[in-house]
Amino acid sequence: MAGLVLPLEGASHEVPIHRDNLPEQFFVKESAFGSVDSSPPLIPIPVIDLSLLSSESELEKLRSALTSWGCFQAIGHGISSSFLDKVREVGKEFFSLPLEEKQKCFRAARDGEGFGSDVVVSKEQVLGWCNRLNLMVFPEDGRRLNLWPENPNDFGETLIEYTKKIRSVMDVVFEATARSLKLEEDVFLKHFGEKTAMVARFNFYPPCPRTDKVLGLKPHSDKSGVTVLLQDKEVEGLQVFKDNQWSRVPTIPHALVVNLGDQMEIMTNGVMKSPLHRVTTNAEKMRVSVAMLIEPS
Ligand SMILES: O=C(O)CCC(=O)C(=O)O
Ligand SMILES: [Fe+2]
């Protein structure tokens, strides 16, 4: 529902929202997954150097990460830090445009693509403090360019370049994942080939006046095969649920967070995990992340 973009826009540009008048729909109810401000310990998710995956020890780290956490921070992926900065930057530039400009990319009701906040399906629904821009980036003939921002003017070329680079990174990860499980090297690659669907999701979390009650994204697992996430360079927020507690995912500016989605958990009969994760809010700073959701064909 496009109109719901407005309260969040107000927080960053227009009518300031005060602690006392935040709509209740944003308040998280207590759940089995603990409260919002549970100050989780910083148990870092594993870090895997993709350039070392020819070694047995790094491969074993990968296997252990995917079967216990279902996610890891990938370094040594070959994408330059300056290009990762550029990807974050075009996202930030788009989100900081006036609402009239962003409206050109608005998501229509019942459409998954375009710019907007949570799709509202029930009155009871708790809303996330997040605006998102979803765009299909692969296959090429699936791109709906009318929803792609024209401003900043290098948005499109940057996203296309990023898509290519993420596809190459994923080829390495899929091949190594298969080897780590002692399976045929192409067992995953052949499910994520030419017919793979890839969606880019730019998440934008404005500063929030009630960090104690409101989440950027509620606990969820991704429905994708695999998600590759570029976190904000400075502002932390992502948390992963493991062993009955939330762990913070520290920001490593040049790393990509790889997390498995439900379809990989199903394809591997639960040997690999699709982790539950959530995003907290920040009172002073906005946060941007860019998720690439990769679906098996
Ligand atoms: O913003 C983040 O760190 C996580 C985003 C996420 O979980 C998602 O887009 O599904
Ligand atoms: Fe997610």
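This passage walks through a sheet and a ligand site in a predicted model.

A good place to start is the sheet. Eight strands build an open sheet with mixed pairing, and following the strands across gives the order S1-S2-S10-S7-S12-S5-S4-S3. The two edges are taken by strand S1 (47-49) and strand S3 (114-116); each has a single partner strand, so one side of each is left without a neighbour in the sheet. From one strand to its neighbour, the sheet turns by 25° on average, with direction ignored.

At the S3 edge, the partner is strand S4, which spans residues 131-138, and the two strands pair in the antiparallel sense over 3 bridges. Within this pairing, glycine 114 has asparagine 134 of S4 as its bridge partner. Helix H2, formed by residues 56-69, packs on the sheet. There, H2 touches S1, strand S2 (71-75) and strand S10 (256-260), and the direction of the helix makes about 145° with that of S1.

Attention now turns to the ligand. Ligand 1 is surrounded by 14 residues, of which Arg201, Tyr205, His277, Arg287 and Ser289 are the closest. Several side chains place an N or O atom beside an oxygen atom of the ligand. For arginine 287, the distance between such atoms is 2.9 Å, and for histidine 277 it is 3.0 Å. Aspartate 222 also takes part, with a side-chain N or O atom 3.3 Å from an oxygen atom of ligand 1. On its own, ligand 1 has 300 Å² of accessible area, and the protein covers 98% of it.

Conventions
Residues numbered from 1 in each chain as written. Chains lettered and ligands numbered in written order. Predicted model: local features only at pLDDT ≥ 70, side-chain atom pairs only at ≥ 80, totals over all residues. Heavy atoms only, no water. Pairing = 2+ DSSP bridges. Helix = DSSP H or I, 4+ residues; strand = E, 2+ residues; numbered from the N terminus. Axes fitted to C-alpha atoms, helices over the stretch in contact; angles between N-to-C directions. Contact = heavy atoms within 4.5 Å. Near = heavy atom within 4 Å. Polar contact = N/O pair within 3.5 Å; in protein donor to acceptor, adjacent residues only side chain to side chain. Areas by Shrake-Rupley, 256 points an atom, 1.4 Å probe, with all protein chains shown as cover.
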